[in-house]
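Trainee: I'd like a close look at one chain of this structure, with the salt bridges and the odd backbone spots taken slowly. Could you walk me through it?

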Amino acid sequence: MNDIMNAAFIVALLSAALRLSVPILFAALGGMFSERSGVVNIGLEGIMLTGAFAGVVGSYFTGSQWLGALVAMLSGIALAALFALITVKVQINQIVSGIAINLLAVGLTSFFFRALFGITTTPITVNAFSPVSLPGLSTLPFVGEVLFSQTALVYIAFLLVPVSWFILYKTSWGLSIRTVGEHPTAADTVGIPVNRVRTLCVLASGALAGLGGAFLSLGQFNMFVDNMISGRGFIAVAAVIFGRWNPKGILIASLIFGVADALQIRLQTAGIGIPYQFLLMFPYLLTVVALTGIVGKTVAPKALGKAYAK
Amino acid sequence: MDPILRMTGISKYFGTFAANEGVDFDVLPGEIHALLGENGAGKSTLMNVLYGLYRPDKGEIWFDGQTRHFASSRDAILTGIGMIHQHFMLVPVHTVLENIIMGMGKEKGFLVKEAQLEKEVLEIAARYGMEINPRALVSELSVGEQQRVEIVKALFRGTKLLIMDEPTAVLTPQETEELFKTLRRMSDEGMSIILITHKLNEVMSVSNRVTVLRDGKVTNTVMTRDSSEYELTRFMIGRELSPACREGRCCGDKLVLELDHVTCEGEMGNHTLENVSLSVCAGEILGIAGVDGNGQKELAEIVVGLRALKSGRIFLSGEEIAGKSILEIIGKGIGYIPEDRHKRGLVLDFTIGENLILKDYNKKPFTKGGLFDFGKIHGHADDMIKKYSIKTSAAGRESEARKLSGGNQQKIVVAREVDKGPKLLIAVQPTRGVDIGATEFIHKQILKAKENGTAVLLISTELSEINQLSDRIAVVYKGQIMGEIPHEAFEESLIGLMMAGMTYEKAMAANRGTGQGTKASEFLADGHVPAQNAEPTKEQVNA
Amino acid sequence: MSALDKRIKDAFLKPGARRWSVYSLLVPIVSVLLALVLGSVLLLFIGINPLEAYWYLIFSNFSNTYNVAEVLVKATPIALTGLAFTFAFRTGLFNIGGEGQMFAGAMAAVFVGLKTGHLPPFVTIGLCLAAAIVAGGIWGFIPGVLKGVFGSSEIIVTIMFNYVAVYLLSFLVDKPLREAAGFYPQTDMIGENAFLPFLIQNTRLHIGLVVAIILSILVYVVLWKTPLGFRLRAVGYNPDGAEYAGINIRRNMILAMVISGALAGVAGFTEINGIHHRMMDNFSRNVGFDGIAASLLGGATPGGVFVSSILLGMLQTGASAMQRGVGVPANIVSIIQALIIILVLAGNMMRPKLEMRLKVKRQEREEREEREARKESQGHQEGGIDA
């Protein structure tokens, strides 16, 4: 009896962990492209928030969660375009710009939420993503439940890992991105348009972080509330560092954060002796530990954080 | 024969400063054309204009049959112009192949087809007699090998005209000869080469024609064989030089700095210095010659405590200083002109006055009762500006160091490090990137310090500087001292062999074998100091 | 350098020549106006007359003493967290953790206030302040050490510590320090002796404002007039250069983080002892981030920070009035605030370029005039050299 309980517990835990790692994975993969090209994007937090909001709005007005996700990506790109403009073109410090973008996102989402839906006590309901069982695979014991009974966005997120890897290491785009992040002057001398590459990478990070936000609002909570990202964007930035700027590492980092988050929720409901607030702290403290490099030293792209001016 | 490149009336301004003004310049097919001039004469600007990195304010570029307007380096590359910069434009953490093919997505396809590209690269290298390993990481290569990668990178892009910016600055004399062989072979195959340099002997030995720039303008273009080093110097500088002169020798008994079997490790756990033993006396200049990156920086840094040593001992006036904090060591009377003034020597956003007290900011008279005494700080700044003729911007002592020229920035460092009359002065590349006027001035300051009894450890990759100032010369290679000779025995070929990794004894034998010179061996055979023999041509230039 | 060049340089660079200050005032003023214009687009979008809304936003602040005092009440903690960000920033560190450090200070202040509130005011207030300084300092010390020892990004670590502080606070008011009545997740009131004295009767303006002013002056003096500040700024501008001069980079980075955290901790103290007199979940949210905004707007100088905090205080109290008056969501100030930051920073970045362009243009004109003057004096002998 006890064994069955444990198995069910673990299936539920892992299934939740997988789901919870998805928003971080989306944003971190985006952050990876941005950072590989030399731009630190701590605006991911705000972009995710915007994506979460825009996803709900898109789904509400079109009735389609897919169009909602598309709107989320577009809104992420729009905010990222502003970020690219001020960091790559005007060359304001990237950290400071990220803070400003986050502040802007908090304002914009809460303003428009009230402007569109008024001040409501009951959250508005929208069409959200529901689990898609992959025929055949989902019936597999254990694995099927954990891996193959998820929403479409989960599959997309995990598919993006090998795709990102391929782009980064097997194509001329990827080589250009890596070169721009390591040695922009060298890139310039062989005719790679440094700032255009960076802008495109930042836009990509916007699209992916926007999608990550939409996953939270359309695939997980099925609603929008103020500040609902609560640090996941920052954790994504940490996951990029922890994952050593490559897709495989980032996948692992995201999964670890997913497990931490799932564990925290499960333990809360399990009613063990630890106050729930300490469990809530867990993912954040884990991030701090990850950053100490105890898990292995990491080498950042050489030109990370430095604007490129001829 | 029609030239492949013709630049006419090129002018380029930065703000109000004319880096190039009305420059005419042309290159023939298959020609090695030297572009000669001091630092800041406008060589690099002219070439950056040609390479599409800068747009000229006036003038025309005609290349390979038509007028060109390059909006970016990509345009220049596409028409067949390649450039190898002084600092290699290679990504250390990428492979050789990745470095060669980067930016070629449009030509070679979106997918990187490694096997096929590797074959192409090896074919090109073989055609010019170069060996490279496409799979190696650039960070694993020697400087000479990295340069080869740069050349192949240019050839891979179908270069017809190759610009090389100070290509020998980082090479040993032997590696330089190797490079020149490759260049001659390329020119035989019809490739045009522009060689940017300020070294006259290189101009004489490898180029067909030479154009001399001074203050952004062409002073002359001549056939190399019709000119002489003496004449070129005059074109380049426009006046006779009065080089700083050495006088006197080591006092012999007052030992100031002593390194005893010092070994230190680099970041990767390799030995950057191995078993180094050295000593410098009061009133003596010990010159450390060597190709850049053979442990010179580390040598200076372990003495002042910026870097920890693994084994060995360091004494300053008989007192062991290894393991003490930087602050303690500096306090014992060490002046240190670091290799890179932007990285180490200055805080560029600080004013001249602040930079001058960088090491004494918390001492009397500048600090009193925990607060700064600005009267004293400003007074000190004014004194130093006058004494070391530092040209400030209009803000005077309040000018930020960033706003000054390289020469004046270096003068701040020299003033701070020399003026207190240190026991020991460590000068690393004290005149790198500094114009000739400031170079003379700095050399004189170093000699003055020596006359006042300071022990000087001079580390430089410029053999002429070493020759001009040092009483003794030690050569460093891969962190080891290859040998030590007195100034009287200075001979470029001998030092060159040692810089390439031969121990003193082997280098002597090899040098005798080639019959290039026998002076050193004569000197050491009978202990007799020869009279003022004819020195190598370099000396005549300076005379 | 030509005489002309020198003349222009003099005009721009001499300390006496006050050309710079015109620009440095111009940029923030234009930015604020531009941000308000952009904000009015949003107001029009929700069908509200921007002029009416902005009337509330600005003039409600001056309608009576209470409102004016309220601006300063809001400005006080912002100025303190702004100083905190400034101090670390000048040492080359991004302390995004002002929020968490403020909460740490608040937790300590409320704890001490609860335990010692019966002692004479001078003692208990002093103890609360000291506790807040220590707690904020510790909350800055940890990221500082992680940065110094492991090289962990202080940016991410301080952000993470914000969340840790929030949950710790939430735990405290939920369990160990929950009020005796046990009804709300909040603490009991601290002893009345621990209340900060009010500056103006019948307002909430308390002596914390004076603390903020004193600390602003102190930060200025320390950073620019003492060897300690010299050391910290040297580390901020060029750590390699500082190391070369014998300055211990790690120790100074950690020190800067401790002081920065302590300054933010004081904000927690003024909020608890001056305003709320107890601690609850969700109090004074975002003050840490507002401080960053104030520091960026104020050019990371103590004086600038103080002025900017008053501006932000005005926006916030004005926003509440605006929400009551015309029903605009108060969150619009977050948008305006973010826009102001972006515009000010962009303006500062573009200033040198604009000035260089102006300078070259003026010089070209003067040179042309000079040439023409010369030509005329030569009697028009040669013309059309530079058509």
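Mentor: Here is a walk through chain B, from its overall build to its salt bridges and its backbone.

Some ground rules come with it. This is a predicted model, where local features need pLDDT of at least 70, side-chain atom pairs count only at pLDDT 80 or more, and totals for chains, interfaces and linings use all residues. Residues are numbered from 1 along each chain as its sequence is written, chains are lettered from A and ligands numbered from 1 in the order in which they are written, and side-chain values use heavy atoms, with hydrogens and water left out.

Let's start with the whole chain. Chain B comes to 21 helices and 22 strands; both are DSSP runs numbered from the N terminus, helices being H or I with at least four residues and strands E with at least two. Its C-alpha atoms fill a box of roughly 70 × 60 × 50 Å along the principal axes. The radius of gyration of chain B is 25 Å, which agrees with the value near 24 Å for a compact globule of 543 residues. That radius is taken over C-alpha atoms, and the globule rule is 2.2 Å times the number of residues to the power 0.38. Of the 543 residues of chain B, 55% count as buried. Buried means under 20% relative accessible area, exposed means over 50%, and partly exposed is in between (1.4 Å probe, protein chains only).

Now the salt bridges. The term means a side-chain nitrogen of Lys or Arg within 4 Å of a carboxyl oxygen of Asp or Glu, and the structure holds 42 of them over all chains. In one of them, Glu120(B) pairs with Lys108(B), with 2.9 Å between the closest N and O atoms. Glu120(B) sits in helix 5 (residues 114-127) of chain B and Lys108(B) in helix 4 (residues 105-108) of chain B, so the pair ties together parts that are 12 residues apart in sequence. Lys108(B) is partly exposed, at 28% relative accessible area.

Another salt bridge brings together the side chains of Glu265(B) and Lys310(B), at 3.5 Å from N to O. This pair links distant parts of the chain, 45 residues apart: Glu265(B) belongs to strand 11 (residues 255-265) of chain B, and Lys310(B) to the loop between helix 10 (296-304) and strand 14 (311-316) of chain B. Glu265(B) is partly exposed at 34% relative accessibility, while Lys310(B) is exposed at 52%.

Glu400(B) and Lys403(B) form a salt bridge too, with their closest N and O atoms 3.9 Å apart. Glu400(B) is partly exposed at 29%, and so is Lys403(B) at 47%. There's also a network of salt bridges that links Glu301(B), Arg307(B) and Arg344(B) with Glu243(C).

On to the backbone. Most residues other than glycine have a negative phi, and most peptide bonds are trans. Ser389(B) has a positive phi, near 35°, and lies in the loop between helix 14 (374-387) and helix 15 (406-418) of chain B. Gln429(B) also has a positive phi, near 45°, in the loop between strand 19 (424-428) and helix 16 (436-451) of chain B. Ser389(B) is partly exposed at 37%, whereas Gln429(B) is buried at 5%. Finally, Lys364(B) and Pro365(B) are joined by a cis peptide bond, with omega about 0°. You'll find Pro365(B) in the loop between helix 13 (352-356) and strand 17 (367-368) of chain B.
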